[in-house]
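Trainee: Could you take me through one part of this protein in detail? I would like a close look at the sheet and at what packs against it.

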Amino acid sequence: MFTVESHGFRLLRRLSAAVYGKRNVGSAAEHMGDSRLLADDSDHMWVGEGGGRSGMQHTPVMVREVLDCLDPQPGQVYVDMTFGAGGHTKAILAAQPDTVVYAMDRDPAAHNMAQNMAKQYGRAIRPVLGRFSELLYLLSSQNVQENTVDGFLFDVGASSMQFDQGGRGFALSQDGPLDMRMDGERFGNKQPTAADVVNSLGEDDLYGIIKTYGEERHARKISSAIVDARNKRPITTTKQLAGIVASALAPPGVFFSFDKLNRAVHPATKTFQALRIFVNDELNELYQGLQAARYFLKPGGRAIVITFHSLEDRVAKRYFQGANIRQHGGTSIHQKKREGDLLKEEGLPEVEMQGPRKEWTILTSKVMRPHWAEVMENPRARSAKLRAAIKN
Ligand SMILES: C[S@@+](CC[C@H](N)C(=O)[O-])C[C@H]1O[C@@H](n2cnc3c(N)ncnc32)[C@H](O)[C@@H]1O
């Protein structure tokens, strides 16, 4: 299982160091464009991707529920931790124009959008470029003090804009360099790409990533197929990887699962998701972001987290419950055993437990899901889960 400060985190740091020292695998820029192996190379937006047609702007999810939970009041201060295309930020400002929203995103393209939007909204939008894990530094350097913010919103994962640009390497539906970094540009060539991961890590590590972050039951077959393929030539494109995974699992053209909306799921969907989560260290980022948000929230301030994946949801749920995120709770004994075997913890410091006084009052005793009408309108919303809590 994913554990904060876990195997995955250390593996990523090790790989970063290796990439920083020497780029010895085909870089994402060496785009070779092999589409032969992909079972279907039509311009179809596969399940698990942005959920809209190419070129579409990101449609914000669960806007009404976000506003109900935040309940914005005049003079309040919010942090939109995942600005994206600014849909939620705009909704907050439309509901209550007399507020200030710090609009944060790690992706420089999203940050540019925030800067452009700020030109229309003036001081109501304050763009911030960076990661959740940098929040303490970033907000402090804008003179935001401890216990002063009224609300934080996390709408995690990747945006439709990220999926829609083949050149960024997130999408199964479009050929492009196998990159997947949300903020690769910020760190030059030092941060590992998905191509670095599939070409450099050992088979067991690949298995661990695909199994853990993709919750993929065919992880062993896939990791072995990746290693076989890369021994012939480096894996550098999204279509190449999608084809390798599809060929490992089924004859080309055969899709054996369907989503809730009865749409075919590409066999490589979970592998792509796993690589994206790993490359961007998404689970550790969320956990660190929640901790930093707590520091800045006023007592009575609210934190809202929208997730699209059970592992992310588990981080939010357990964090609000005050559980020790490094402990394996809330899963079956078999899952605990599998997860424990998969990623063994190494004596790292314990995360602080909630003391006798609860740190959060949970607003969503039952996780909130989007209304079916929203899902019909915006299929990307189908797996969204919203949790909200008040800082005590
Ligand atoms: C689902 S989109 C958010 C969409 C947005 N709510 C809207 O309405 O347009 C998620 C965004 O969060 C950003 N993001 C993901 N992880 C992040 C992190 N650790 N730190 C900062 N931004 C992050 C991504 O770059 C992406 O733009």
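Mentor: Happy to! Let's start with a helix: α3, residues 87–95, lies across four strands, namely β1 (77–80), β2 (100–105), β3 and β4. Against β2, helix α3 runs at about 180°. Keep in mind that we are looking at a predicted model.

Now for the sheet itself. It is open and has seven strands, and reading across it you meet β3-β2-β1-β4-β5-β7-β6, with mixed pairing. The edges belong to β3 (125–129) and β6 (360–362); each has a single partner strand, so one side of each is left without a neighbour in the sheet. On average, and ignoring direction, neighbouring strands are turned by 20° against each other.

Further along that order, β5 (residues 297–307) and β7 (residues 385–391) make an antiparallel pair over six bridges. To find this pairing in the view, look for T307, whose bridge partner in β7 is K385. A second helix packs here: α2, residues 63–70, touches β4 (149–155), β5 and β7. The direction of helix α2 makes about 165° with that of β5.

Finally, the wider setting. The domain assignment gives domain 1 as 7–52 + 174–279, and domain 2 as 63–158 + 282–322 + 358–391. Where the two meet, 13 residues of domain 1 and twelve residues of domain 2 take part in the contact. On the domain 1 side, the residues that touch domain 2 divide into five nonpolar, three polar and five charged.

Technical notes. Residues numbered from 1 in each chain as written. Predicted model: local features only at pLDDT ≥ 70, side-chain atom pairs only at ≥ 80, totals over all residues. Domains from an automatic or database assignment. Contact = placed C-beta atoms within 7 Å. Nonpolar A, V, L, I, M, F, W, Y, C, P; charged D, E, K, R; others polar. Pairing = 2+ DSSP bridges. Helix = DSSP H or I, 4+ residues; strand = E, 2+ residues; numbered from the N terminus. Axes fitted to C-alpha atoms, helices over the stretch in contact; angles between N-to-C directions.
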